[in-house]
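Please open the model in your viewer and keep the sequence beside it. The tour proceeds by selection, and each stop describes what is found there.

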Amino acid sequence: GVVMKRSADGQAIRLTVNAPHPLDNGSLMLQRFLKNSNGLPYAAFIWQDSGGNQQQLFMALAADQPEAPHIQIADARYDLEEIIETPFIVAIIRHNPAVPLILVSLLLASVATALLIKWLAGRFSAGASASPR
């Protein structure tokens with residue numbers, strides 16, 4: 001997400017992706033992050049006023065710009081304060097060659113367990129019949 005500050009009064013607004021935030025006469029929603037053809041990051045916003053009119057806004061997130069990244073909404077300027085990063089891990093295994101080996105070892109362990117149970121049951125039943133009465 002992003003944190004923006006209204007330049008008029010310094011009010012901070014925290015926006016997360018796809019969560020509308022009510023403002024004075026409408027709502028602002030951070031739609032997504034994207035990169036242009038040069039690899040510069042941008043944030044896409046949707047501003048919806050109280051009349052239901054929507055407008056898509058873009059804010060460059062590059063720090064090397066001569067002017068602070070901002071968007072203009074209904075006579076108010078909102079400057080970028082900070083970018084909120086949430087740590088996450090994405091693991092995609094496309095092909096794991098160890099899966100067949102794991103399945104074979106699981107099958108062998110299951111067969112060995114079944115044979116052990118059968119052997120123990122036979123031994124206890126033989127031991128019970130051989131014990132003196």
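A polar contact is a pair of N or O atoms within 3.5 Å; within protein, one atom must be able to donate a hydrogen and the other to accept it, and residues adjacent in sequence count only if both atoms are side-chain atoms. This is a predicted model, in which local features need pLDDT of at least 70 and side-chain atom pairs count only at pLDDT 80 or more, while totals for chains, interfaces and linings use all residues. Residues are numbered from 1 along each chain as its sequence is written, and side-chain values use heavy atoms, with hydrogens and water left out.

**First stop: R6**

Select R6, which lies in strand 1. Strands (E, at least two residues) and helices (H or I, at least four) are DSSP runs, numbered from the N terminus. Which side chains make polar contacts with the side chain of R6? The side chain of D9 does so at 3.2 Å, and a contact of 3.3 Å joins R6 to the side chain of Y78. R6 and D9 also form a salt bridge, with their closest N and O atoms 3.2 Å apart. A salt bridge here is a side-chain nitrogen of Lys or Arg within 4 Å of a carboxyl oxygen of Asp or Glu.

Is R6 buried or exposed? R6 counts as buried because its relative accessible area is 9%; buried means under 20%, exposed over 50%, and partly exposed in between, with a 1.4 Å probe and protein chains only.

**Second stop: the hairpin**

Now select strand 1 (residues 2–6) and strand 2 (residues 12–15), which pair in the antiparallel sense over 4 bridges. Two strands pair if DSSP finds at least two bridges between them. The two strands form a hairpin with 5 residues between them, and G10 in the turn has a positive phi of about 75 degrees. K5 has A12 of strand 2 as a bridge partner.

In a regular strand the side chains alternate between the two faces of the sheet. Strand 2 shows such an alternation: I13 and L15 point to one face and are buried, whereas A12 and R14 point to the other and are not.

**Third stop: the sheet around strand 1**

Extend the selection to the open sheet of 4 strands in the order 2-1-8-7, with antiparallel pairing. Strand 2 and strand 7 (70–73) stand at the edges with a single partner strand each, so one side of each has no neighbour in the sheet. The twist averages 30 degrees from one strand to the next; axes are lines fitted to C-alpha atoms, for helices over the stretch in contact, and angles run from 0 to 180 degrees between N-to-C directions.

Strand 1 and strand 8 run antiparallel and are joined by 5 bridges. Here K5 has D79 of strand 8 as a bridge partner.

**Fourth stop: the other salt bridges**

How many salt bridges are counted by the rule given above? The count comes to 3. Select E81 and K5, whose closest N and O atoms are 3.4 Å apart in a salt bridge. This pair links distant parts of the chain, with E81 in strand 8 and K5 in strand 1, 76 residues apart. E81 is partly exposed at 43% relative accessibility, and K5 is partly exposed at 33%.

Then select R77 and D79, whose side chains meet in a salt bridge of 2.7 Å, N to O. R77 is partly exposed at 25%, while D79 counts as buried at 19%.

**Fifth stop: the other open sheet**

Select the open sheet of 4 strands with the order 3-4-5-6 and antiparallel pairing. Its edge strands are strand 3 (21–23) and strand 6 (54–60), each pairing on one side only. The twist averages 35 degrees from one strand to the next. Strand 3 is joined by 3 bridges to strand 4 (residues 26–35), and the two run antiparallel. L23 has G26 of strand 4 as its bridge partner.

**Last stop: the loop with T86**

Select T86, in the loop between strand 8 (76–83) and helix 1. T86 is exposed, with a relative accessible area of 59%. The C-alpha atoms of T86 and Q11 are separated by 23 Å, and these residues are 75 residues apart along the chain.
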